[in-house]
Amino acid sequence: MPLQEGSLVYVDLTGWVKDTGEMIETTSEEEAKARGVYNAARRYEPRLVALGRGWVIKGLEEALLRSEVGAQGEVEIPPERAFGERDPSKLRLVPLRKIEGAEELRVGQQVEVDGRVAIVRAIGSGRVQLDFNHRYAGRSVVYRYKVVKVLEADEEKAKALFKYLSGAEQEPEVKLEEGVLTVHVPQALLGSSSLPFIKRAFVNEVQGHIPQLKLVRFVEEFSISPPQPPAAPQASAPAPS
């Protein structure tokens with residue numbers, strides 16, 4: 001049976017720009033190494049996708065919705081179903097002095113200006129040309145995919161969503177009883193300034209996947225180390241005679 005909108009699925013993905021072969025993303029460590037983009041600091045594992053929620057580009061989502069668990073394929077996606085067409089009005093010339101770290105700027109670099117992300121296209125005469133289009137706007141892309149798993153159990157969905165939205169390495173401990181979902185916040189997130197936003201994003205998302213949900217309760221437990229006894233005073237050396 002084909003997947004449906006609203007399904008939570010784990011998918012292996014590798015995407016690249018059709019005409020240049022530039023890697024967009026991959027969940028495969030082997031693929032990353034083969035294409036020279038391997039990053040030892042990240043984990044390579046299937047990606048969680050909530051179908052119908054815009055978590056992946058339209059053309060890829062449409063391909064996934066025609067698939068079943070275990071299905072794999074490759075799809076070429078035109079710009080309008082990928083990262084959009086290029087918009088010339090999103091090119092701007094900006095004085096170099098407005099760019100933080102202007103002396104280090106390089107063509108092709110990604111920068112943030114006035115809260116927006118742009119690509120440096122040209123530098124000269126004290127000005128920089130910035131492109132506020134998406135990096136892959138106007139490009140046809142190719143995605144290879146495999147549907148690894150569909151999440152069915154409610155607690156399984158909650159664990160996966162919290163891990164995805166928080167960026168935590170491990171899934172949290174959760175329990176669902178009579179419409180009350182209890183989530184034990186991982187120790188690594190305690191005290192994080194982003195935790196309130198993670199909680200809100202999780203609540204907004206999880207209620208769409210667990211229909212009977214009435215309440216979400218977060219449990220934050222701090223491990224306390226026992227106090228260390230004071231060090232015994234060291235005997236002073238005898239004074240020389």
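In strand β7, Arg116 is the bridge partner of Val113. Four bridges join β6 to β7 (residues 116–124), and these two strands run antiparallel. Strands and helices here are DSSP runs, with strands (E) of at least two residues and helices (H or I) of at least four, numbered from the N terminus. Two strands pair if DSSP finds at least two bridges between them.

The model is predicted: local features need pLDDT of at least 70, side-chain atom pairs count only at pLDDT 80 or more, and totals for chains, interfaces and linings use all residues. Residues are numbered from 1 along each chain as its sequence is written, and side-chain values use heavy atoms, with hydrogens and water left out.

**The four-stranded sheet**

Strands β6 and β7 belong to an open, antiparallel sheet of four strands in the order β5-β8-β7-β6. Because β5 (91–95) and β6 (110–113) stand at the edges with a single partner strand each, one side of each is left without a neighbour in the sheet. Neighbouring strands of this sheet are turned by 45° against each other on average, direction ignored. Axes are lines fitted to C-alpha atoms, for helices over the stretch in contact, and angles run from 0 to 180 degrees between N-to-C directions.

**The three-stranded sheet and its helices**

A further open sheet holds three strands in the order β10-β11-β12, with mixed pairing. Its edges are β10 (173–177) and β12 (215–219); each has a single partner strand, so one side of each lacks a neighbour in the sheet. The twist from one strand to the next averages 15°. Strand β10 runs antiparallel to β11 (residues 180–184), and five bridges join them. Thr182 in β11 is the bridge partner of Lys175.

Helix α3 (residues 154–166) lies across β10, β11 and β12 and runs at about 140° to β10. Helix α4 (residues 195–206) packs on the sheet as well, touching β11 and β12, and its direction makes about 150° with that of β12. Contact means heavy atoms within 4.5 Å.

Two residues of helix α3, Ala160 and Ser166, are set out below. Buried means under 20% relative accessible area, exposed over 50%, and partly exposed in between (1.4 Å probe, protein chains only). The contacts listed do not count residues up to four places away in sequence.

| Residue | Relative accessible area | Contacts |
|---|---|---|
| Ala160 | 2%, buried | Tyr10, Leu48, Leu151, Glu171 |
| Ser166 | 14%, buried | Leu189, Ile198 |

The C-alpha atoms of Ala160 and Tyr10 are separated by 9.5 Å, although the two residues are 150 residues apart along the chain. A polar atom of the Ser166 side chain lies 3.4 Å from the backbone oxygen of Lys163.

**The β1–β2 hairpin**

Strand β1 (residues 8–17) pairs with strand β2 (residues 23–26) in the antiparallel sense over three bridges. Glu25 in β2 is the bridge partner of Gly15. The two strands form a hairpin with five residues between them, and Gly21 in the turn has a positive phi of about 80°.

**Nonpolar cores and helix α2**

A nonpolar core is a set of buried Ala, Val, Leu, Ile, Met, Phe, Trp, Tyr and Cys residues joined through side-chain atoms within 4.5 Å. The largest such core has 46 residues, of which Leu60, Tyr143 and Leu181 touch the most other members. Strand β1 gives the most to this core, with six residues. Leu60 touches Leu13, Ile77, Tyr143 and Tyr145, not counting residues up to four places away in sequence. A second, separate core of ten residues includes Ile99, Val113, Ala118 and Val128.

Leu60 is one of the buried residues of helix α2 (residues 58–65), together with Gly59, Glu61, Ala63 and Leu64. The cover over the buried residues of α2 includes β1, β3 (47–50), β4 (72–77) and β9 (141–150).

**The protein as a whole**

The protein has four helices and twelve strands. Its radius of gyration is 25 Å, whereas a compact globule of 241 residues would have a value near 18 Å. This radius is taken over C-alpha atoms, and the globule rule is 2.2 Å times the number of residues to the power 0.38. Along the principal axes, the C-alpha atoms fill a box of roughly 85 × 60 × 35 Å. Buried residues make up 36% of the 241 residues. Among contacts between residues at least 6 apart in sequence, 62% join residues at least 24 apart.

Notes:
A polar contact is a pair of N or O atoms within 3.5 Å; within protein, one must be able to donate a hydrogen and the other to accept it, and residues adjacent in sequence count only if both atoms are side-chain atoms.
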